[in-house]
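Hi,

Here is the structure I promised to pass on. My notes follow below it.

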Amino acid sequence: MLSAEDNQLLCRVEGNAPMGQMMRAYWLPICLSDEVAEPGTPPLRLRILGEDLVCFRDSDGRLGVLDNHCPHRKALLSFGRNEAGGLRCLYHGWKLDVDGNITEMPAEPAQACVTAKLKHRAYPVREAGGFVWAYLGSRQPLPVFEPPPFAPVPDRRVAIAKTLVACNWAQIVEGQIDSAHSSSLHSSDMVPVRGTDSAGAAADRWTRPSTDRAPRIRVQPTSYGFRYAAVRRPMVDEATHDYVRVTAFVAPLTCLIPPNTSYAVSQITVPIDDHNSWFYFIASGDGQDVPTTEVWRQFLHLQPGIDVDDGWHRRRHAGNDYLQDRRAMAHGSFTGIDGIPTQDIAMWEGMGSIADRTSERLGASDIAVVRWRRLMIDAARAHSAGSSPLGLAEPRVAQSRIAAFEGIVPKTVDWRTLGTSAEERAAYPQAQVKLRPGPAAK
Ligand code: FES
Ligand SMILES: [Fe+2]
């Protein structure tokens, strides 16, 4: 439960809202590389943190992210023509390059653009892991750009599904640090299987080596956010072992979900504004079992042209009750809703565009959610007061070192060591291996 004031602080990202201002201190994923794949392709209209932007790849292959409102009289540049060397506004033909230089003003006297020395707002851009990243802040020098933890090297195989969600970003992230819901909401798509010691990925479902629906939640703060464990009884060796799923939250928007035997799983939530968000669901890895983008989107029921339209709006949405099928529910489907993400989205959007956290009844399974809210609220307040944002102050843990974990482990192993690097354990001395005298007390 939060006060109304803290709920606003947590959720609001537009304009001068402290949370949005803190997010601007990070490199943010603003769209997929595939959406601006080729030089000279149509510019992409974007809205991130309540700001209207346009992203385009110019004729030389350079990416630009600009304020979408033309500097002349504010028409939208995203309607413009992507011509040789820049984007031309349709209204009076001003042309802008990827750095925001105005290179032509055809309706003005010759040399006008040279003498005016106008510069349009343009943001630094990078590409990595299948995303275009922009830095929307004002800090100089720029913060170091690191490839994301799910794709620390350029040849990592990455498949990304995308959809627009009609609610605030925070209730989406909360869904990613809430392992308990998967045993209920996703129970038809994540099924217990005996005889394995890890989560698996079949063509149409995920498997888990546990039937335990009431995980114990443990939280470990880190410099970049936190890690938390959901500890369940495994189907084998219950007396001596635990089934442990460790999720890493990497501020401000990324969650590394426990992997399966075939690939790692990550989720990124990007606020479009206070009431809408982009949701990205990512499979990645080095092996041949990482699905192609097409197979991944098919698995998640987020296939363009079938499940989502050109603007990533889903065919299953609040207006048609997400095509919930009550007959399927009578025949074994827990939710009657197709697709793991759409099951989540039905819950998130159903909370209202900004969830009212002033009258909730939280339980023991919500500990990570409670800690996450406090972490982000405190971080936003501290950032407003001049502190470095989470994860950006030295000493930092390299993104490539941050990982989730899942597996059946002896109860004598401290979960905080699972999936962590020596570098990270050194940064958090309390995460050293601790051998307990006997089975861990629960
Ligand atoms: S409004 Fe863009 S050129 Fe006039
Ligand atoms: Fe979920």
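Tyrosine 243 of β18 stands opposite isoleucine 408 in β22, and 6 bridges join these antiparallel strands, with β22 covering residues 405-410. This is a predicted model, where local features need pLDDT of at least 70, side-chain atom pairs count only at pLDDT 80 or more, and totals for chains, interfaces and linings use all residues. Residues are numbered from 1 along each chain as its sequence is written, chains are lettered from A and ligands numbered from 1 in the order written, and side-chain values use heavy atoms, with hydrogens and water left out.

Strands (E, at least two residues) and helices (H or I, at least four) are DSSP runs numbered from the N terminus, and two strands pair if DSSP finds at least two bridges between them. β18 also runs antiparallel to β17 (residues 225-232), over 8 bridges, and there glycine 225 stands opposite valine 250. A hairpin through 3 residues leads from β18 to β19.

Strand β18 (residues 241-250) is largely enclosed by the rest of the structure, because 9 of its 10 residues are buried (under 20% relative accessible area, 1.4 Å probe, protein chains only).

The largest nonpolar core (buried Ala, Val, Leu, Ile, Met, Phe, Trp, Tyr and Cys joined through side-chain atoms within 4.5 Å) has 93 residues, and Trp169, Trp296 and Trp372 are among those with the most contacts inside it. Helix α8 (residues 367-384) gives the most to this core, 8 residues. Apart from it lies another core of 14 residues, including Cys70 and Leu87.

Happy to talk it through!

Note on methods. Buried < 20%, exposed > 50% of the residue type's maximum accessible area, 1.4 Å probe, protein only.
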